[in-house]
Amino acid sequence: MLLDAAAKAFTVYGFAAASIDVIAREINATKGSVYYHYRSKAELFFAVHKRAMLINLRTQLPIVSNTRLSPLEMLHEMTYHHAMVMMDYLYYQRVTVQGVELHQSISTTPYEREALTQVIAMRDAYESLFDQVVHEGVMRGQFEVIDASVASKGILGSLNWITMWYRPRDGELPSAKQRIAKQLAQQVTHGVAAQAASSAHGDTRRNKAKV
């Protein structure tokens, strides 16, 4: 509950204005109870960021472990679920978009510097999952001959921007988010797919639709 409240406060008010008092009021807690768990607002900010990265990694690991998927299919699944996570955990993901740069500016204690190191390592590990899939797709001829690292940074950058423009509406059905995620996943995979692979993927979808 505390991390949920902190993620919301950091998103709504920004790091500077999201005081411990504001965060405590979100869950009807005392300021002292917040400090019982975290010694500073910076530590709480790191904890929110780390939880967001854990959510992301746990979402993707089952996909990249599925050896039945081709790189093209795998990238489609990864981008779809990344987009869904951006919307399902909007407040947490907004904190990650505020990013490591802010972490660097507020890291003053040994604990905070160690937390920063962990956050960077988690971010790099997550990005490397996309690097590996794109690289494998290039090697198999399913993707255009591109720099995998640049491609994954571009993919994640475009999908992370969801946190800037997406806003849930009252009464919104899950299908609304699914529709957004599906379109973005299609745009990403078509953007990197080799022409032959893209055509084959489209034929497969059309055949499934006919069935």
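## A residue in H4

Is Asn 56 buried or exposed, going by its relative accessible area? The model here is predicted, and in it Asn 56 comes out at 4% relative accessible area, so it counts as buried, the cut-off being under 20%. You'll find Asn 56 in helix H4. Setting aside residues up to four places away in sequence, Asn 56 touches Val 85, Met 86, Gln 93 and Tyr 126.

## The fold as a whole

Stepping back, the chain is built from eleven helices and zero strands. Reading along the sequence just gives you α-α-α-α-α-α-α-α-α-α-α. Along the principal axes, the C-alpha atoms fill a box of roughly 60 × 40 × 25 Å.

The chain has 211 residues, and 46% of them count as buried. Take the contacts with a separation of 6 or more: residues 24 or more positions apart account for 71% of these.

## Helix H8 and its buried face

Now for H8, which covers residues 148-160. Its 13 residues, at 1.5 Å a residue, should span 18 Å, and the end C-alpha atoms are indeed 18 Å apart, so expectation and model agree. The buried residues of H8 are Ala 148, Ala 151, Ser 152, Ile 155, Leu 156 and Leu 159. Look down the helix axis and these buried residues fall within an arc of 125°, so they line one face of H8. What does that set of buried residues pack against? The partners are four helices: H5 (71-88), H7 (110-139), H9 (162-165) and H10 (174-192).

The N-terminal end of H8 has a cap, supplied by Asp 147. One of the side-chain oxygens of Asp 147 sits 2.9 Å from the backbone nitrogen of Ser 149. Further along, Ser 152 also lies in H8, and its relative accessible area is 0%, so it is buried. Apart from neighbours within four places in sequence, Ser 152 is in contact with Glu 127, Phe 130 and Asp 131.

## The largest pocket

How much space lies in the largest pocket? About 420 Å³. There are 19 residues in its lining, and those nearest the pocket centre are Thr 96, Val 97, Arg 123, Leu 156 and Asn 160. Helices H4 (41-64), H5, H6 (90-106), H7 and H8 each give two or more residues to this lining. H6 gives the most, with six residues. Leu 156 turns up twice in this story: it is one of the buried residues of H8, and it is among the residues nearest the pocket centre.

## Ala 185 in H10

Over in helix H10 sits Ala 185. At 0% relative accessibility, Ala 185 counts as buried. Which residues is Ala 185 in contact with, leaving aside neighbours within four places in sequence? They are His 76, Thr 79 and Tyr 80. As for Ala 5, which is 180 residues away from Ala 185 along the chain, the C-alpha atoms of the two are separated by 30 Å.

## An odd backbone angle in a loop

One last stop is Asn 28, in the loop between helix H2 (20-26) and helix H3 (31-37). Most residues other than glycine have a negative phi. Asn 28 isn't a glycine, yet its phi is positive, at about 55°. With a relative accessible area of 76%, Asn 28 is exposed, whereas the other asparagine we visited, Asn 56, is buried.

Note on methods: Residues are numbered from 1 along each chain as its sequence is written. This is a predicted model: local features need pLDDT of at least 70, side-chain atom pairs count only at pLDDT 80 or more; totals for chains, interfaces and linings use all residues. Side-chain values use heavy atoms; hydrogens and water are left out. The expected span of a helix is 1.5 Å times one less than its number of residues. Buried means under 20% relative accessible area, exposed over 50%, partly exposed in between (1.4 Å probe, protein chains only). The arc is that of the directions from the helix axis to the C-beta atoms. Contact means heavy atoms within 4.5 Å. A polar contact is a pair of N or O atoms within 3.5 Å; within protein, one must be able to donate a hydrogen and the other to accept it, and residues adjacent in sequence count only if both atoms are side-chain atoms. On a 1 Å grid over the protein atoms alone, a cavity is a set of points where a 1.4 Å probe fits but cannot get out, and a pocket is an open set with protein on both sides within 12 Å along at least five of seven lines; lining residues have an atom within 4 Å of a point. Grid points are joined across faces, edges and corners, and a volume is the space filled by probe spheres set on the points.
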